[in-house]
Amino acid sequence: MLLTFDQVSLGGDQSHRLANATGEISDRGITALVGPSGAGKSTLLRLANRLEVPDSGTVQFRGHDINTLDPLALRRRVAMVFQRPTPFPGSVMENLCVGDPELNETQAVTLLERVGLAADLLTRDALLLSGGEAQRVCLARALATNPEVVLMDEPTSSLDPAARTDLEKLARSLANSGIPIVWVTHDIAQMQRIADYVLVMIDGAIAHSANATDLEANSSLPVRDFLAGKKL
Amino acid sequence: MNQVGWDALAVSTLLVFIAVALSWWRNLGLARSILWAATRALVQLTAIGLLLQIILNPGVSIWWGWLWVAIMILIAAITIRWRTPNVPGTFGLSLAALTGTAALTLGVLFGLGVFPLDLRSLISLSGLMIGNSMAVSVLVGRRIVDELSDKRDEVEARLALGASSAQAAQPYLRSSLRTALIPQIETTKVVGLIALPGAMTGLILAGVDPLDAVRVQTAVMYLVLGSVTTTATILALGIRRQLFSADHRLTAPRRES
């Protein structure tokens, strides 16, 4: 397994709460982490990148407790793309170099092509890009660390429908190329479009996990209500 | 030597009343503040003058001067703490930063013989050093917390790419330090072109040869420049350590969006 959460709890305010979350994330395809707002999806993702640490319980990455791993090395193996695009001041090339300071221009162009962007973007001011372009640059920057998995925290929530579709296709192509994706969303339609595996979070716990093809089998009533689009 | 007697000082309050009259005339609502500021300045300076009169008597041990410096540092640290309530651990950090800066700058000035080590020089120079450093420290403290809280997403994006807390905070520390220090650097650049600095004006009014006054003033400005930069840098690095955990997570307060 790529990531294993065992009885993970985390305090703090309501939107950052986890209560004995237990579950696993596959090292293939796209795993959608879904649930209503405040269910703890983003917190679970941040735990995997060690931007948060649990009050109790363990998080394992490829069988190793992440508390025993060097956090800086772990974060380069477990890349993360955030809800809002976070371009840094400077050119696109400078942004990519934050991911890999040794990056040369040819490698940078390859990275841009991987995320569907043209090479002439390299010299552009990253703060002047459109939302969709900026989010792709953030993904390219994350890929510059040569990660083993990409965590995406509602990456399309601030994008227009066209940019959203493009990013979903991009995630699929990355997953097909062997980089597993963990994609947080509260959008059931998006989950149905992209997911191979689904983890449903409710009230800070992983309430259900299944293949996307037989999602509702053996699921509890709150999970079925959420998947049916009922407000919990 | 020129002297301003109490009667002359009383006449100079005419200028304060002009300011008050202007405030009333234009309905600025500043009359009370101007009067309060002028009164406070008079009372505080008189009190400190009386105290200095006692301390600066020949035969008083230099250790009273060092005690004075220690008390000023303590009061400055308390003031910084009080003016930066959102910055964690500023009291201890400012105490350390001001003490370190005092040791360094006074060490250079007195250790290398720029000024003679006597009570007069010790108290006035350390007052300048601590006063200016305090003002810049408050600014730096507030700016760093604001920058790291406002740009939390950016900082965490850098951390998520494997940057250490020092690397992730570097652009924001740099920007905070530049904002706090540039006014001081600009003042140093234009000194003499636009305005004569206070210490030099005071010396010239007191009858000192202008070139002697210039040398003293220049050394004083170098002291201020060196001390504010040193204090601000030590404080900024200390605050950065307070705002990140040992495992490179940002623990700065989260802003409501």
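Is B:Asn27 buried or exposed? In this predicted model, B:Asn27 comes out as exposed, with a relative accessibility of 70%. The close-ups below start from that residue and then work through both chains.

**View 1. B:Asn27 sits in a loop of chain B.** Look for the stretch that joins α1 (6–25) to α2 (31–55); B:Asn27 is in that loop. Its backbone is worth a look too: phi is positive, at about 55 degrees, even though the residue is not a glycine. Since exposed means over 50% relative accessible area, the 70% of B:Asn27 puts it in that class.

**View 2. B:Ala21 belongs to helix α1 of chain B.** Here the label is partly exposed, because the relative accessibility of B:Ala21 is 41% and that class runs between 20% and 50%. If you pick B:Ala236 as a second landmark, 215 residues separate the pair in sequence. In space, the C-alpha atoms of B:Ala21 and B:Ala236 are 43 Å apart.

**View 3. Chain B on its own is built from helices, with 9 of them and 0 strands.** Read from the N terminus, the elements go α-α-α-α-α-α-α-α-α. Box in the C-alpha atoms along the principal axes and you get roughly 65 × 55 × 35 Å. Chain B has 257 residues, and 37% of them are buried. The exposed surface of chain B is about 14700 Å², with 67% coming from carbon and sulfur atoms. As for contacts with a separation of 6 or more, 68% of those in chain B link residues 24 or more positions apart. Charges in chain B come to 20 positive and 13 negative, and the mean positions of the two groups are 3 Å apart.

**View 4. Chain A has both kinds of element, with 8 helices and 10 strands.** How compact is chain A? It is as compact as a globular protein of its length, because its radius of gyration is 17 Å and the globule rule gives 17 Å for 232 residues. Along the principal axes, the C-alpha trace of chain A covers about 50 × 40 × 30 Å. Of those 232 residues, 54% are buried. About 9800 Å² of chain A is exposed, and carbon and sulfur atoms account for 48% of that. Take the contacts in chain A with a separation of 6 or more, and 67% are between residues 24 or more positions apart. The side chains of chain A include 21 positive and 28 negative ones, and the centres of these two sets lie 3 Å apart.

**View 5. Chain A meets chain B through 24 residues on the A side and 15 on the B side.** Together the two chains bury about 1700 Å², and carbon and sulfur atoms give 59% of it. Which residues of chain A lose the most area to chain B? They are A:Leu72, A:Arg75 and A:Phe88, which together make up 30% of what the chain A side buries.

**View 6. A:Gln135 is tucked into helix α5 of chain A.** A:Gln135 counts as buried because its relative accessible area is 1%, and the cut-off for buried is under 20%. What does A:Gln135 touch, beyond residues up to four places away in sequence? One run of partners is A:Val81, A:Phe82, A:Gln83, A:Arg84 and A:Pro85, and the others are A:Pro155, A:Leu159 and A:Leu167.

**View 7. A:Arg136 is also found in helix α5 (residues 131–143) of chain A.** A:Arg136 is an arginine that counts as buried, at 12% relative accessibility. Setting aside neighbours within four places in sequence, its contacts include A:Val115, A:Gly116 and A:Leu117. A:Asp166, A:Leu167 and A:Leu170 are in contact with A:Arg136 as well. For a sense of scale, try A:Ala228: it is 92 residues from A:Arg136 along the chain, with 31 Å between the C-alpha atoms.

**View 8. A:Gln7 lies in strand β1 (residues 3–10) of chain A.** The thing to check here is phi, which is near 50 degrees, a positive value in a residue other than glycine. With a relative accessible area of 42%, A:Gln7 is partly exposed.

Conventions: Residues numbered from 1 in each chain as written. Chains lettered and ligands numbered in written order. Predicted model: local features only at pLDDT ≥ 70, side-chain atom pairs only at ≥ 80, totals over all residues. Heavy atoms only, no water. Helix = DSSP H or I, 4+ residues; strand = E, 2+ residues; numbered from the N terminus. Rg over C-alpha atoms; globule rule 2.2 N^0.38 Å. Buried < 20%, exposed > 50% of the residue type's maximum accessible area, 1.4 Å probe, protein only. Contact = heavy atoms within 4.5 Å. Areas by Shrake-Rupley, 256 points an atom, 1.4 Å probe, with all protein chains shown as cover. Lys, Arg positive; Asp, Glu negative; His and termini not counted. Charge placed at Lys NZ, Arg CZ, Asp CG, Glu CD. Buried area = accessible area lost by both parts, 1.4 Å probe.
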